[in-house]
Amino acid sequence: MGPDQDVIDDVLNQCAAQEDEGCSRWPGMSYEQGVAAAIRWMQGDGQNPMDD
């Protein structure tokens, strides 16, 4: 089972904060890799994409 809505909201807030700063925590990752990581996480098959 994937993360609950509160955890998803926390990740979205972290993403918005990074965007406001104008930089990425993972500049070496493509957009597509980030989308795939997020989907796997929401499906319960992967770690939180905002974890280091």
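This is a short tour of selected residues, stop by stop, in a predicted model.

**Stop 1: the start of the chain**

Select Asp 4, Asp 6, Asp 9 and Asp 10. Together these four residues form a negative surface patch. Now keep Asp 10 alone. Asp 10 belongs to helix α1. Is Asp 10 buried, partly exposed or exposed? Its relative accessibility is 46%, so Asp 10 counts as partly exposed. Leave Asp 4 marked; two later stops return to this residue.

**Stop 2: inside helix α1**

Move to Val 11. This residue, too, is found in helix α1. Its relative accessible area is 7%. Val 11 is therefore buried, because the limit for that class is under 20%. Add Asn 48 to the selection and draw a line between the two C-alpha atoms. Val 11 and Asn 48 are 37 residues apart in sequence. In space, their C-alpha atoms are 8.1 Å apart.

**Stop 3: the cysteines**

Select Cys 15 and Cys 23. Show the sulfur atoms. Which cysteine sulfur is closest to that of Cys 15? It is the one in Cys 23, at 12 Å. Seen from the other end, the closest cysteine sulfur to Cys 23 is in Cys 15. Why is there no bond here? A disulfide needs the two sulfur atoms within 2.5 Å, and 12 Å is too far for a bond. The count comes to 0 disulfides.

Check the surface around each cysteine as well. Cys 15 has 35% relative accessibility and counts as partly exposed. Cys 23 has 43% and also counts as partly exposed.

**Stop 4: the loop between the helices**

Go to Ser 30. Where does Ser 30 sit? Its place is the loop between α1 (5–21) and α2 (31–42). With 31% relative accessibility, Ser 30 is classed as partly exposed. Now bring back Asp 4. The C-alpha atoms of Ser 30 and Asp 4 are 26 Å apart. In sequence, Ser 30 and Asp 4 are separated by 26 residues.

**Stop 5: a nonpolar patch**

Select Tyr 31, Val 35 and Ile 39, and switch on the surface. These three residues make a nonpolar surface patch of about 320 Å². Center the view on Val 35. Val 35 lies in helix α2. Its relative accessibility is 33%, so Val 35 counts as partly exposed.

**Stop 6: past helix α2**

Finish at Gly 44. Which part of the chain holds Gly 44? Gly 44 is placed in the segment after α2. This glycine has a relative accessible area of 42% and is partly exposed. Use Asp 4 once more as the reference point. Along the chain, Gly 44 and Asp 4 are 40 residues apart. In space, 10 Å separates their C-alpha atoms. For Ser 30 and Asp 4, recall, that separation was 26 Å.

Conventions:
Residues are numbered from 1 along each chain as its sequence is written. This is a predicted model: local features need pLDDT of at least 70, side-chain atom pairs count only at pLDDT 80 or more; totals for chains, interfaces and linings use all residues. Side-chain values use heavy atoms; hydrogens and water are left out. Buried means under 20% relative accessible area, exposed over 50%, partly exposed in between (1.4 Å probe, protein chains only). Helices (H or I, at least four residues) and strands (E, at least two) are DSSP runs, numbered from the N terminus. Patches are made of residues with over 30% relative accessible area and no salt bridge: like charges are joined within 9 Å, nonpolar side chains (Val, Leu, Ile, Met, Phe, Trp, Tyr) within 5 Å. Accessible areas come from the Shrake-Rupley method with a 1.4 Å probe; for residues, only the protein chains shown count as cover. A salt bridge is a side-chain nitrogen of Lys or Arg within 4 Å of a carboxyl oxygen of Asp or Glu. Lys and Arg count as positive and Asp and Glu as negative; His and the chain ends are not counted. The place of a charge is taken as NZ of Lys, CZ of Arg, CG of Asp or CD of Glu.
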